[in-house]
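Here are my notes on the model, set out as numbered points. They take up one pocket and then a few charged contacts.

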Amino acid sequence: MADFLTEARALYPFLPEGLLNLFQQKYVEFDKNVDLAVGAIRQDPQYIDYFPGNVRPDGSVRLSEAEYGAVLESYKDDLRRFGINPDVFADNFGQLVEGDVSPTEFQSRLNTVYSGIEQNIPEVKEYYATNFGIDLSEESIFAAAVDPTVGDAILSGQITQAQIGGEAEARGLAISQTQIERLQRFGVTQQQARETFRVAEQQIEELQELEAQRGVSEEERLGLQEFTEAAVFGEQEDIQRITKLREQQASEFAPTTGAARTGRRVTGLTEI
């Protein structure tokens with residue numbers, strides 16, 4: 001079974017993990033006929049969970065699974081070009097497929113919407129700042145124009161949370177939803193999150209190595225949460241922890257005579 005699933009993943013990468021076992025079952029049931037097995041999967045109730053919008057009322061599919069994946073990637077790429085986190089629109093992709101919206105048409109729609117709001121962005125920013133105390137980015141304004149429901153998400157903080165999470169993910173940093181929500185409530189913008197995580201990416205590994213050299217166990221070493229507490233929230237315990245590591249590091253490389261240079265400390269979003 002394991003060998004079959006490994007081979008199936010390689011031969012049919014368009015099939016999500018959740019459908020591979022079903023594919024194996026149908027493949028055996030239909031005497032190793034791939035077309036019949038795939039056809040049976042498309043009729044299964046689970047299918048629409050993985051390929052929303054792809055099944056027509058008559059049971060046929062609009063796109064092959066490989067084409068479906070390629071179309072969604074194209075949608076995402078178009079949104080990224082406008083600085084929008086595609087995860088914000090993930091629930092809408094199925095509707096676009098169902099509406100037979102090609103990547104070219106989707107791009108054209110985005111261009112049209114942007115052209116229509118470009119001149120009004122300053123007024124929209126002022127409106128949100130005055131009425132809701134929210135400093136909107138141009139990307140968020142554009143996202144709300146593309147999908148009106150995004151406006152509600154902006155007010156509830158979901159857009160900013162998605163942007164913060166996306167910035168961490170882009171740098172391979174694991175961050176909890178609790179941390180994301182706390183950063184959003186503190187008023188951290190996408191740009192500030194990007195800078196914080198850029199510095200974190202550069203420093204955390206080195207700080208963890210310094211703690212490892214001092215016998216700190218892996219699970220107890222400084223991570224993104226502690227770094228964020230110091231850099232964003234000014235948590236003194238974590239600032240002191242980082243400062244102490246830097247001072248110890250500096251003393252190790254200081255001349256044997258004369259005063260050792262002062263270690264660096266973390267303040268705001270930068271290290272000085």
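1. How many nonpolar, polar and charged residues does the lining of the second largest pocket have? Sorted by class, this lining has three nonpolar, five polar and five charged residues. Please keep in mind while reading that this is a predicted model, and that the values below are computed from it.

2. The second largest pocket has a volume of about 280 Å³. Of the 13 residues that line this pocket, those closest to its centre are Arg80, Asn85, Pro86, Gly166 and Ala170. Two elements, helix 5 (65-81) and helix 11 (158-170), give two or more residues each to the lining, and helix 11 gives the most, with five residues.

3. Turning to charged contacts, the count of salt bridges comes to 13, and three of them are discussed here, beginning with one that involves helix 11. The side chains of arginine 194 and glutamate 167 meet with an N to O distance of 3.0 Å, and this pair links distant parts of the chain, since arginine 194 belongs to helix 13 (residues 190-213) and glutamate 167 to helix 11, 27 residues apart. Glutamate 167 counts as buried because its relative accessibility is 10%, under the 20% cut-off, whereas arginine 194, at 33%, counts as partly exposed.

4. A second salt bridge joins arginine 182 to glutamate 229, with the closest N and O atoms 2.2 Å apart. Arginine 182 lies in helix 12 (residues 177-185) and glutamate 229 in helix 14 (residues 224-231), so the contact ties together parts of the chain that are 47 residues apart in sequence. On accessibility, arginine 182 counts as partly exposed at 35%, while glutamate 229 counts as buried at 14%.

5. Helix 13 appears again in the salt bridge between glutamate 206 and arginine 246, whose side chains meet at 3.3 Å, N to O. Because glutamate 206 lies in helix 13 and arginine 246 in helix 15 (residues 236-252), this pair ties together parts that are 40 residues apart in sequence. Which of the two partners is buried, and which is partly exposed? Here arginine 246 is the buried one, at 2% relative accessibility, and glutamate 206 counts as partly exposed, at 32%.

Note on methods. Residues numbered from 1 in each chain as written. Predicted model: local features only at pLDDT ≥ 70, side-chain atom pairs only at ≥ 80, totals over all residues. Heavy atoms only, no water. 1 Å grid on protein atoms, 1.4 Å probe; cavity = no way out; pocket = protein on both sides within 12 Å on 5 of 7 lines; lining within 4 Å. Points joined across faces, edges and corners; volume = space filled by probe spheres on them. Helix = DSSP H or I, 4+ residues; strand = E, 2+ residues; numbered from the N terminus. Nonpolar A, V, L, I, M, F, W, Y, C, P; charged D, E, K, R; others polar. Salt bridge = Lys/Arg side-chain N within 4 Å of Asp/Glu carboxyl O. Buried < 20%, exposed > 50% of the residue type's maximum accessible area, 1.4 Å probe, protein only.
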